[in-house]
Amino acid sequence: MTEPGEQDEVVVARKPNDADARGILSLTPDELKALRRSRKHSGGEAIHVTRQHNLSVIRRLLYANGPQTRPELARLSGLSLPTVGGLVSELVGAGTVHDLGVVAEARVGKPASRVAIDAEGNCTIVLDLTHDDTFTGAIIDLDGTVVDRAQLSIGGAHGEPALDYAVDLARLLIKRASSQVIGIGVASPGLVDDTGLVHVADRLRWRDVPLADTIQTRTGLPTVVGNDVNLLALGLSRFRNRSGRDAIVVDMANGVGAAVLEGGEPVLGEQFAAGEIAHLTVDPGGELCPCGRRGCLDMVVGAPHLQRRVAAVGAEVLEPAGRTLGEVLAPIVIMLNINVVVVVGPGGLVEGAFADGVVDGIHSRLRPAIIEGLKIEVGANDPDLVLLGAAAAVMESQLGVR
Ligand SMILES: [Zn+2]
C-alpha cells in the first residue's frame with residue numbers, strides 16, 4: 001500500500017472495472033434474512049449513561065439557543081447549578097465549548113459568564129466513497145462550512161486496498177485540520193448497518209467490512225458510517241433546509257437509490273435496505289439488467305443507463321423515464337403521507353423533460369387533495385450534500401445535535 005504522505009493524489013495500476021456489478025444487491029435471500037437491525041441494549045452503566053445524556057443535553061441547548069450562562073443552562077435543562085457547572089467544565093476541557101467571559105449586564109451578585117459551542121474551533125472530517133475511481137473528503141466546521149477538501153485517486157481499487165485508501169484520506173485530512181476534530185463521518189455505497197458495518201458494497205467488492213471500527217481504530221477518532229443516499233437526505237434536511245422532517249429523496253447519479261426521512265432521520269429498514277429501489281421491476285419485458293432480471297428501475301432511470309439511451313434513441317426517452325420514476329414514488333408518497341419529494345441527478349439529464357415526467361407520474365396516481373400539499377423538486381445534484389450529511393451524522397453522534 002502506497003503511503004500518500006503529503007500528496008493529495010495517489011494512483012495505483014487500474015484494475016478492470018467490473019461495471020456490470022455496479023449497484024447490485026448481490027446478497028442471497030438467506031444472507032438478506034440473516035441481516036436484522038440490532039436492538040438497542042439497555043441497562044447497566046446507568047451513571048455513565050446519565051452523564052453522557054446530560055452532556056448531550058448541555059451541548060444541544062448551547063447549539064440550539066446560542067451562548068448561555070450556567071444559571072440559564074440550569075434553568076433550561078432542569079439540572080442543578082453544580083451539576084451544570086461540572087458538565088460545562090468537562091466540555092470546556094474537551095474544547096467543545098468555550099467561555100465567552102463575563103456578561104456586561106450581569107446583575108449584582110456573582111458575575112455570570114456565558115459559554116458557547118465553539119463552532120469554528122471544532123470540525124468534522126468527512127469522506128465520500130461513492131465516486132468511481134476517486135474518494136473525496138472534506139473538513140467541515142460545526143456551522144456546515146467546508147473549510148478544506150482533498151481527494152484521492154484510487155485507480156479502480158477495491159477490497160482491502162480500497163479500505164486502506166479510505167483510512168489514508170482520513171489521515172491526510174486529520175493532518176490538515178487546524179481545529180479540534182470531533183469525529184469522522186463516512187458515506188459508503190451499499191447496505192450499511194447501524195454500527196457502521198458495510199454488509200455489501202458491490203462496486204468496492206466489500207462484504208461485511210467493519211468500516212467504522214476500522215477507521216476509528218486506525219485514526220483514533222470516533223467514526224460513523226452511513227449509506228450515501230441516506231446521508232445526502234440528511235445533508236439536505238440539516239444544512240439546506242429543503243427537505244424538512246419527512247421527505248423522500250432520490251439520487252440517480254450512481255444507479256438510482258432513495259432515502260426516506262421520517263422525523264428528520266433516515267429510515268434504515270429491517271435489513272438496512274430501505275430505499276433500495278434500483279432493482280424494482282418496472283417493465284417486465286424490458287432490457288436485461290446485470291442483476292439477471294428484466295426491466296429494473298435502474299435500467300430505465302439510473303443516470304448511466306439513461307444517458308446511454310438518450311445517446312442511442314434521443315431525448316424523447318427522458319419524459320417517459322421521469323414518468324416511470326414518478327409512478328414508482330407515488331405509492332410511497334401516499335403510504336407515508338409525505339409532502340416533500342426531492343430528486344437529484346446530473347443537471348443536464350434531470351432538468352426539463354425528465355422533471356416534468358416525474359411530476360406527471362406522481363400526479364397521475366394521486367388524488368387532487370394529496371397533490372395539493374405535495375412539493376416536488378427535481379434538480380442537479382450537489383456533491384457537497386453527501387459530505388454535509390456525513391458531517392451532520394458526526395454532530396448527531398458526538399454532540400447529540402439534531
Ligand atoms: Zn436489476
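The exercises below, each with a worked solution, deal with a zinc site, two sheets and the nonpolar cores of a predicted model.

Residues are numbered from 1 along each chain as its sequence is written, and side-chain values rest on heavy atoms, with hydrogens and water left out. Because the model is predicted, local features need pLDDT of at least 70 and side-chain atom pairs count only at pLDDT 80 or more, while totals for chains, interfaces and linings use all residues.

**Exercise 1. Determine which protein atoms are donors of the zinc ion, and what geometry the site has.**

Step 1: Donors are N, O and S atoms within 2.8 Å of the metal (3.2 Å for Na, K and Ca), and since water is not among the atoms, sites may look incomplete. The protein donors here are ND1 of H279 and the SG atoms of C289, C291 and C296, lying 2.0 to 2.3 Å from the zinc ion.

Step 2: Four donors count as tetrahedral if all angles lie between 85 and 135 degrees. The angles among the four donor atoms are 105 to 116 degrees, and the site is tetrahedral.

Step 3: Along the sequence, the donor residues follow the spacing H-x9-C-x1-C-x4-C.

Step 4: Buried means under 20% relative accessible area, exposed over 50%, and partly exposed in between (1.4 Å probe, protein chains only). C289, at 4%, is therefore buried, whereas C291, at 25%, counts as partly exposed.

**Exercise 2. Work out the strand order of the sheet that contains strands 1, 2 and 3, and locate its edges.**

Step 1: Strands (E, at least two residues) and helices (H or I, at least four) are DSSP runs numbered from the N terminus, and two strands pair if DSSP finds at least two bridges between them.

Step 2: The sheet is open, with the order 1-3-2 and antiparallel pairing. Strand 1 (68–69) and strand 2 (97–102) each have a single partner strand, so one side of each is left without a neighbour in the sheet.

Step 3: Two bridges pair strand 1 with strand 3 (residues 113–117) in the antiparallel sense, and T69 has R114 in strand 3 as its bridge partner.

**Exercise 3. Identify the residues that touch the most other members of the largest nonpolar core, and the helix that gives the most to this core.**

Step 1: A nonpolar core is a set of buried Ala, Val, Leu, Ile, Met, Phe, Trp, Tyr and Cys residues joined through side-chain atoms within 4.5 Å.

Step 2: The largest core has 35 residues, of which V250, M252, L325, V343 and F354 touch the most other members. Helix 10 (residues 318–336) gives the most, with seven residues.

Step 3: Another core, of 34 residues, lies apart from the largest one and includes A157, L173, A177 and V181.

Note on methods. Four donors count as tetrahedral if all angles lie between 85 and 135 degrees; four count as square planar and six as octahedral if opposite donors are over 155 degrees apart and all others between 65 and 115; anything else is irregular.
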